[in-house]
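Please open the structure in your viewer and keep the selection tool at hand. The tour proceeds in short steps, each naming what to select and what is found there.

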Amino acid sequence: MICMFGSEAVRMRVRNLPSNAFSCGLAILAVAVILSAMVAQGQQTPSSLSYTYTSFDYPGAIYTQAMGINTVGVVVGAYTDTNDVTHGFALLPTGKFESLDYPGAISTVLARINDANQVVGSYVDSNNVSHGFMFVSPNKFTPIDYPGAAQTQAYGINKAQEIVGTWFDAAGNTSGFSLISGNFTGLVYPKSVSTVASDVNSSGEISGSWGNTGPNEQTNGFMLSTKGIYTNVEYPGAVVTLVYGINDLNEVAGAYTDPAGATHGWAGLPSKKEYVTLDYPGASSSSLGGLGNNGTFVGGYIGSDGKGHGYCVISGPTATRVPDGSGDKASTPPTKGRCPG
C-alpha cells in the first residue's frame with residue numbers, strides 16, 4: 001500500500017501521484033497538543049504563532065487520511081478497512097463519522113467539500129478504471145470523465161461548483177482539467193510532462209503540482225490565476241514540493257520532501273514568501289491535504305505504529321491575517337476554525 005502522504009509517494013513524479021490516493025485511509029483519536037510550528041529558515045512568517053494538532057482515525061480502519069475541510073468544519077477523506085478496501089468518509093463537526101462509497105465501486109476517495117456540502121472525489125470501477133464524481137446529499141452521484149480520457153480523478157470544488165482534477169491518456173500521461181458550467185478545459189503547466197490540478201477557490205484561482213524529466217528533473221507546486229498565469233511554488237530548500245489545496249485567501253497547503261528524504265506537511269502564502277512546516281508531532285512523515293479560510297488545515301501522517309492517521313491543525317489568531325489578494329487592504333480575520341469532535 002502506498003499512501004499519498006508517504007515519503008515514497010511524494011518522491012514519485014507527479015504523473016504517478018493521483019492514483020496513490022486510492023490506497024489511503026483516515027481516522028480519529030482526539031489527541032491535541034499546542035506547540036510552535038517549525039518555520040522555513042530565512043522566510044517571513046507571522047510572529048507568535050501556535051498550532052493545535054488533533055489526530056483521528058475512522059473507527060476500525062488501518063489507514064486514515066483527511067483531504068478536505070469546509071468552513072463549518074466538515075472533513076472529508078478516505079480510509080482503508082481491514083480487508084484493504086478504500087472508502088470515502090465525512091467527519092462531522094460533532095465528531096461523528098459517515099462512510100460514503102460510489103455505487104458499485106471497488107474503492108472510493110472523497111477529496112474536497114465546499115460550503116454547500118457538495119463533495120467531489122474519485123472511484124475505481126470493477127475494471128480498475130478511475131473516474132471522478134460529484135456527490136450531493138442525500139444520494140445524488142454525478143460521474144465526471146474528461147472527454148477521451150482513459151482515467152479521470154476529481155480533486156477540487158468551490159462554492160460556484162467549479163471543479164478541477166486530473167485525467168490520464170491511454171499512455172498514462174497526466175494533465176489537469178477544470179470543469180465549469182459543463183465545459184471541460186485542459187490544464188498543462190508550461191513545458192511540463194505532467195500536471196495535477198488539485199483545488200480551486202471561490203475566486204477561481206487553481207492550485208496543483210507539475211513535473212518534468214531530464215537532467216533538471218523537478219516536481220513543484222503551482223498556482224494558476226483567473227487570467228491564466230501560472231506561478232511556480234517551491235518550498236524553500238525542498239527537493240520536491242506538492243500543493244494539494246488553496247483557500248479563498250490564496251493560502252496553500254501540501255507536502256514537501258527535504259534533502260534527507262523526509263516528507264513534511266506545509267502551508268503558506270507564496271505571494272508573501274511565507275511558509276510554515278506543520279508536521280504532526282512525532283510523525284515519520286506528514287502531508288496536508290486541505291485548508292479552510294479560518295486557519296484550519298487537515299491531512300495525514302504516518303505514526304510510530306507505522307499506520308496512517310488523519311490530523312487537523314488549528315492556527316493561532318494572528319495566522320489568519322493575510323492580504324486578501326485584491327489590493328493592499330487587509331482581509332478581516334474570519335471566525336477561528338475548530339477541529340471536529
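A salt bridge is a side-chain nitrogen of Lys or Arg within 4 Å of a carboxyl oxygen of Asp or Glu. The model shown here is predicted, and by this rule the count comes to one salt bridge.

**First stop: the charged pair.** Which two side chains meet in a salt bridge? Select R112 and D199: their side chains form the salt bridge, with a distance of 3.5 Å from N to O. In general, side chains of opposite charge can pair when their charged atoms come close.

Next, display the strands that hold these two residues. R112 belongs to strand 8 (residues 107–113) and D199 to strand 16 (residues 194–200), so the pair ties together parts that are 87 residues apart in sequence.

Are the two partners buried or exposed? Buried means under 20% relative accessible area. R112 has 7% relative accessibility and therefore counts as buried. D199 has 4% and therefore counts as buried too.

**Second stop: the sheet.** Keep strand 8 selected and add strands 9, 10 and 11. These four strands make an open sheet in the order 8-9-10-11, and their pairing is antiparallel. At the edges are strand 8 and strand 11 (140–144), each of which pairs on one side only. From one strand to the next, the twist averages 30 degrees.

**Third stop: inside the sheet.** Now select strand 9 (residues 119–124) and strand 10 (residues 130–136). How many bridges join strand 9 to strand 10? Six bridges link these antiparallel strands. To finish, select V124 and S130: S130, in strand 10, is the bridge partner of V124.

Terms used:
Residues are numbered from 1 along each chain as its sequence is written. This is a predicted model: local features need pLDDT of at least 70, side-chain atom pairs count only at pLDDT 80 or more; totals for chains, interfaces and linings use all residues. Side-chain values use heavy atoms; hydrogens and water are left out. Buried means under 20% relative accessible area, exposed over 50%, partly exposed in between (1.4 Å probe, protein chains only). Two strands pair if DSSP finds at least two bridges between them. Axes are lines fitted to C-alpha atoms, for helices over the stretch in contact, and angles run from 0 to 180 degrees between N-to-C directions.
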